[in-house]
Amino acid sequence: MLLQPLPIHLPSGNLIADRRFEWARDLEAKGDLTGAADLLTQALELAPGYASAWFALGELREKLGERDGAIAAFREAAQADRQDRHGAMLRLIRLGAQPAGVMPEGYVRALFDGYAPAFDQALTEGLSYRAPELLLGAVQAARAGERMKFGSVLDLGCGTGLAGAAFRACCDWLVGVDLSPAMLAQARTKGLYDRLIEGGVLGFLGGETQAKAHYHLILAADVFMYLDGLAPVLKAAARVLAPSGLIAFSVETHDGDGVILRDTLRYAHGAAHARTALTAAGLSLVSLDFAATRTEKGSPVPGLIVVAASA
């Protein structure tokens with residue numbers, strides 16, 4: 001099983017164009033990619049700002065081996081929907097037409113709003129997801145000989161609360177932040193968090209810095225793969241860590257040193273990149289272990305489980 005982005009359709013406002021979009025999807029499902037691309041072109045003649053049609057056309061052109069045409073279509077899709085809910089920018093990065101960058105918040109929000117209703121079951125049953133338990137074990141090892149209790153804990157990208165459930169017994173006060181309102185709605189039903197906030201990770205951390213908030217433990221379970229680099233978020237997290245506080249996070253990784261965008265449209269961070277980012281943030285590495293937090297298509301996805309401490 002592979003947790004894939006769900007199709008997003010943003011209507012054009014032109015009924016005929018929308019119908020041609022649906023006919024194009026039907027032809028694509030039947031294997032007629034050229035015919036589907038022709039129908040999408042017709043839809044775009046009727047509605048030039050039709051973001052979903054531009055994105056679908058980009059996908060078809062890429063499948064047809066028309067790289068330049070795909071790049072042009074994805075650029076039009078990003079222009080037509082400034083939130084980039086389809087993730088056109090990521091497709092441009094994969095095609096080598098744009099440098100790596102932070103994923104659009106609109107894309108991440110739409111992605112997880114779509115996942116939310118079946119997220120827990122899909123991860124735990126379909127993908128053998130185990131990031132929360134691996135992070136819990138790593139934090140327990142870091143606190144060996146000490147009481148496993150934290151005053152204030154921050155769960156970045158908390159989603160439906162899987163990491164919160166693993167750590168709830170270890171903390172007095174648990175805060176979760178996530179971009180997706182649908183994921184937060186699922187988390188809210190579990191009654192795990194003392195505070196839940198809708199927002200982006202970097203924006204939230206910036207606000208907490210201004211408020212002079214401090215956390216004894218910061219968690220990020222499979223969240224940083226939606227960021228192109230670790231240094232900015234680790235620097236922001238370090239500013240709100242209490243003295244001797246810990247940050248524990250998981251990321252996907254690869255054999256190289258830097259950062260790559262995988263075909264799953266998630267970033268993979270090399271171990272050397274993680275170490276360099278921690279040093280730049282003024283954090284001390286406690287442990288860095290190679291471990292898969294999930295499987296996809298029956299194979300483990302290479303990952304890192306990292307724990308670091310504030311000065």
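Let's start at the end of α7. The residue that follows this helix is S128, and its phi is positive, near 50 degrees. S128 is not a glycine, yet its phi has that sign. Keep in mind that this is a predicted model. S128 sits in the loop between α7 and α8. Is S128 buried or exposed? Neither label fits, because its relative accessible area is 40%, and that makes S128 partly exposed.

There is another case of this kind. K212 is also a residue other than glycine with a positive phi, here near 60 degrees. You'll find K212 in the loop between α11 and β4, the strand of residues 215-220. K212 is exposed, because its relative accessible area is 70% and the cut-off is over 50%.

Back to α7 itself. Which residues of this helix are buried? They are F119, A122 and L123. These three lie on the same side of α7, because they cover an arc of only 90 degrees around the axis. What do they pack against? The partners are α6, α9 and α10, the last being residues 181-189.

Now compare α12, residues 231-238. Its buried residues are V233, L234, A236 and A237. Looking down the axis of α12, you see them fall within an arc of 160 degrees, so they line one face of the helix. Their cover includes α11, β4, β5 and α13. In numbering, β5 is 241-252 and α13 is 271-280.

P232 belongs to α12 too. P232 is partly exposed, with a relative accessible area of 48%. Take P232 and A280 as a pair. They are 48 residues apart in sequence, and their C-alpha atoms are 9.2 Å apart in space.

Next, the core. The largest nonpolar core holds 48 residues. Which of them have the most contacts inside it? Those are L90, M103, F112 and L217. Helix α8, residues 131-142, gives the most to this core, with six residues. There is also a second, separate core of 35 residues. Among its members are V177, I218, V223 and L288.

Let me pick out F112 from the largest core. Leave aside its neighbours within four places in sequence. F112 is then in contact with F119, S180, M183 and Y226. We have met F119 already, as one of the buried residues of α7.

On to strand β4, where L219 is found. L219 is buried, with a relative accessible area of 0%. What does L219 touch, once neighbours within four places in sequence are set aside? The contacts are V153, L154, D155, L156, F167 and A248. For a distance across the model, take L219 and D81. The two are 138 residues apart in sequence and 32 Å apart in space, C-alpha to C-alpha.

A charged residue next. R143 is in the loop between α8 and β1. Is R143 buried or exposed? R143 is buried, because its relative accessible area is 17% and the cut-off is under 20%. Its contacts, again leaving aside neighbours within four places in sequence, are M148, K149, F150 and L246.

Quickly, E76. E76 lies in helix α4, residues 67-80. E76 is partly exposed, at 35% relative accessible area. From E76 to L44 is 32 residues in sequence and 11 Å in space, C-alpha to C-alpha.

Last topic, the second largest pocket. Its volume is about 570 Å³. The lining has 34 residues, and the closest to the pocket centre are V108, G157, D178, V223 and Y226. Two of these names came up earlier. V223 is in the second core, and Y226 is in contact with F112.

Which elements build the lining? At least two residues each come from α6 (105-115), α7 (119-126), β1 (150-156), α9 (162-167), β2 (171-178) and α11 (201-210). Of the elements, α6 gives the most, with four residues. And what kinds of residue make up this lining? By class, 23 are nonpolar, six are polar and five are charged.

So that brings us back to α7. Helix α7 helps line the second largest pocket, and its buried residues pack against α6 and α9, among others.

Terms used: Residues are numbered from 1 along each chain as its sequence is written. This is a predicted model: local features need pLDDT of at least 70, side-chain atom pairs count only at pLDDT 80 or more; totals for chains, interfaces and linings use all residues. Side-chain values use heavy atoms; hydrogens and water are left out. On a 1 Å grid over the protein atoms alone, a cavity is a set of points where a 1.4 Å probe fits but cannot get out, and a pocket is an open set with protein on both sides within 12 Å along at least five of seven lines; lining residues have an atom within 4 Å of a point. Grid points are joined across faces, edges and corners, and a volume is the space filled by probe spheres set on the points. Ala, Val, Leu, Ile, Met, Phe, Trp, Tyr, Cys and Pro count as nonpolar, Asp, Glu, Lys and Arg as charged, and the others, Gly among them, as polar. A nonpolar core is a set of buried Ala, Val, Leu, Ile, Met, Phe, Trp, Tyr and Cys residues joined through side-chain atoms within 4.5 Å. Buried means under 20% relative accessible area, exposed over 50%, partly exposed in between (1.4 Å probe, protein chains only). Contact means heavy atoms within 4.5 Å. The arc is that of the directions from the helix axis to the C-beta atoms.
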